Amino acid sequence: MPVHDIEAVLKVEEEAISRIKAAEDEAEKAVSSARKEAAAYIEDELKKASAEAEETVNRLIQDSEGKAREIASETDRRVEEIMSAADSRKDTAVSAIIAAVTGGTDVLSG
């Protein structure tokens, strides 16, 4: 094989190697870019999920606070009813004692 043919083959091989290296560099850049995009996407999705979770937690806290207020209000109402009934019974007992002491109608004996 003549020298100029060998030189031509070597030149073609060098160009092929150069193109392969350029393609490898482009592939590495594409992979790096894809990784960055994926990381940005994942970060964005995590932020969205975190915001949604925070909203849910806040809503649950508000719901719980509302339920707690309802329960406290109902408890206060029941305590007032019990206290009122106790006061009424106390008043009846005091009246009965006064009547018994003063010689009025004996309320306790019926």
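How many residues apart are Glu43 and Lys47 in helix H1? They lie 4 residues apart, about one turn of the helix. The coordinates discussed here come from a predicted model.

## Overall form

The chain holds 1 helix and 0 strands. That helix, H1, covers residues 3-102. Its 100 residues should span 148 Å at 1.5 Å a residue. The end C-alpha atoms of H1 are 145 Å apart, which agrees with that expectation. Just after H1, Gly103 takes a positive phi of about 85°.

The C-alpha trace of the chain spans about 150 × 15 × 15 Å along its principal axes. The radius of gyration tells a matching story. The chain has 46 Å, but a compact globule of 110 residues would have a value near 13 Å.

Two C-alpha separations add to the picture. Ser50 and Ala34 are 16 residues apart along the chain, and their C-alpha atoms are separated by 24 Å. Thr92 and Val9 are 83 residues apart in sequence, with 122 Å between their C-alpha atoms.

## Burial and surface

Which residues of H1 are buried? They are Gly66, Ala96 and Ala99. Over the whole chain, buried residues make up 3% of the 110 residues. The accessible surface comes to about 9600 Å². Carbon and sulfur atoms account for 58% of that surface.

Ser50 sits in helix H1. Its relative accessibility is 44%, so Ser50 counts as partly exposed. Thr92 is also found in H1. At 49% relative accessibility, Thr92 is partly exposed, because exposed requires over 50%.

Tyr41, too, has its place in helix H1. Tyr41 is exposed, because its relative accessible area is 53%. The residue belongs to a nonpolar surface patch with Ile42 and Leu46. Together these three have about 350 Å² of accessible area.

## Salt bridges

How many salt bridges does the structure hold? The count is 7. Three of the pairs are set out below.

| Pair | N to O distance | Spacing in H1 |
|---|---|---|
| Glu43 and Lys47 | 3.5 Å | 4 residues |
| Lys48 and Glu45 | 3.4 Å | 3 residues |
| Glu74 and Arg78 | 3.1 Å | 4 residues |

Take Glu43 and Lys47. Their closest N and O atoms are 3.5 Å apart. Glu43 has 44% relative accessibility and so counts as partly exposed. Lys47, at 52%, counts as exposed. The dividing value is 50%, so Glu43 at 44% falls below it, whereas Lys47 at 52% passes it.

Lys48 and Glu45 meet through their side chains at 3.4 Å, N to O. Because they are 3 residues apart in helix H1, about one helical turn separates them. Lys48 is partly exposed, with a relative accessible area of 42%. Glu45 is partly exposed as well, at 31%.

Farther along the sequence, the side chains of Glu74 and Arg78 form a salt bridge at 3.1 Å, N to O. Both residues lie in H1, 4 residues apart, which is about one turn of the helix. Glu74 has a relative accessible area of 29% and is partly exposed. Buried would require under 20%, so Glu74 at 29% does not qualify.

Which residues are linked with Glu74 and Arg78 in a network of salt bridges? Arg77 and Glu81 are. The network thus joins Glu74, Arg77, Arg78 and Glu81.

## Summary

The predicted chain has 1 helix and 0 strands, with a C-alpha trace spanning about 150 × 15 × 15 Å. Buried residues make up 3% of the chain. The structure holds 7 salt bridges, among them Glu43 with Lys47. A nonpolar patch of Tyr41, Ile42 and Leu46 lies on the surface.

Note on methods: Residues are numbered from 1 along each chain as its sequence is written. This is a predicted model: local features need pLDDT of at least 70, side-chain atom pairs count only at pLDDT 80 or more; totals for chains, interfaces and linings use all residues. Side-chain values use heavy atoms; hydrogens and water are left out. Helices (H or I, at least four residues) and strands (E, at least two) are DSSP runs, numbered from the N terminus. Buried means under 20% relative accessible area, exposed over 50%, partly exposed in between (1.4 Å probe, protein chains only). Patches are made of residues with over 30% relative accessible area and no salt bridge: like charges are joined within 9 Å, nonpolar side chains (Val, Leu, Ile, Met, Phe, Trp, Tyr) within 5 Å. Accessible areas come from the Shrake-Rupley method with a 1.4 Å probe; for residues, only the protein chains shown count as cover. The expected span of a helix is 1.5 Å times one less than its number of residues. The radius of gyration is taken over C-alpha atoms; the globule rule is 2.2 Å times the number of residues to the power 0.38.
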